[in-house]
Amino acid sequence: MTAPSTFGLSSEARNLHWLLSNLVEEVSGIQSVAVVSSDGLLLLSSDPGRNEEAREARTATRAGPRGSAADLATIVSGIGSLTVGAARLMDFGGVKHTMVAMDEGSLFVMSISDGSLLGVHGSAECDMSVVAYHMALFVGRAGHVLTPELRSELRKSLEADATRSGQ
């Protein structure tokens, strides 16, 4: 995992970075994690360095984007929006979590607070119940501190990191 710079961040922001890093390191099979704001913007990622790798891969041989934190954020935001719309249409209440099982991996999306989402991309070998449990722990620990001020700080930190790395 590529650790983002936490220099100059508030203690709440550093704690969220630590919780995210801990989630990735403790749960076998997690490939990437993204925290996305209610408006679809990436706030926090387990591997921000993959953005440049994905950009290079797109221009080389691949026809589409694969693997970047921004791509995961886009997918998580889209699935979150789709499931919220479905829940409203069916009048079943709020969406707590969504799981998409594929042949070679899984995608998990869980509501954090105020429309923010936690998205996890897992390998085919990951234990889905363990991933869901650890996601719930993350949401329980992070949900109450993910205030509008902290979301703004995390977004500005990501933008500053992208500017420093020339992305």
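**Entry 1. The main core.** I looked first for the largest nonpolar core in this predicted model. This core holds 27 residues, and L16, V35, L118, V120 and F138 have the most contacts inside it. I then listed the elements that give two or more residues to this core: the helices α1 (11-26), α4 (128-142) and α5 (148-165), together with the strands β1 (30-36), β2 (42-45), β4 (105-111) and β5 (117-123). The largest share, six residues, is supplied by α1. I noted for context that nonpolar side chains in soluble globular proteins tend to be buried together.

**Entry 2. F138 and its contacts.** Which residues does F138 touch, once its neighbours within four places in sequence are left aside? I found F138 in contact with L16, L19, L20, V35, I112, L118 and G143.

**Entry 3. A second core.** I recorded another core that lies apart from the largest one. It has 12 residues, including A34, L42, V76 and L117.

**Entry 4. The chain as a whole.** I counted five helices and five strands in the protein chain. From the N terminus on, I read the order of elements as α-β-β-α-α-β-β-β-α-α. The chain has 167 residues, and 42% of them count as buried. I also looked up the exposed area, which is about 9300 Å², with 54% of it supplied by carbon and sulfur atoms. Among contacts with a separation of 6 or more, 58% join residues 24 or more positions apart.

**Entry 5. The sheet.** In what order do the five strands stand in the sheet? I traced the order β2-β1-β5-β4-β3 in an open sheet with antiparallel pairing. Why is one side of β2 and of β3 (97-102) left without a neighbour in the sheet? Both strands stand at the edges and each has a single partner strand, so one side of each stays unpaired there. On average, neighbouring strands are turned by 15 degrees against each other, direction ignored.

**Entry 6. β1 and β5.** I examined the pairing of β1 with β5, which is antiparallel and runs over six bridges. V36 stands opposite L117 of β5.

**Entry 7. Helices on the sheet.** I checked how α1 is placed and found that α1 packs on the sheet, where it touches β1, β2 and β5. The direction of α1 makes about 155 degrees with that of β1. I then turned to α4, which also packs on the sheet and touches β1, β3, β4 and β5. The direction of α4 makes about 25 degrees with that of β4.

Terms used: Residues are numbered from 1 along each chain as its sequence is written. This is a predicted model: local features need pLDDT of at least 70, side-chain atom pairs count only at pLDDT 80 or more; totals for chains, interfaces and linings use all residues. Side-chain values use heavy atoms; hydrogens and water are left out. A nonpolar core is a set of buried Ala, Val, Leu, Ile, Met, Phe, Trp, Tyr and Cys residues joined through side-chain atoms within 4.5 Å. Buried means under 20% relative accessible area, exposed over 50%, partly exposed in between (1.4 Å probe, protein chains only). Helices (H or I, at least four residues) and strands (E, at least two) are DSSP runs, numbered from the N terminus. Contact means heavy atoms within 4.5 Å. Accessible areas come from the Shrake-Rupley method with a 1.4 Å probe; for residues, only the protein chains shown count as cover. Two strands pair if DSSP finds at least two bridges between them. Axes are lines fitted to C-alpha atoms, for helices over the stretch in contact, and angles run from 0 to 180 degrees between N-to-C directions.
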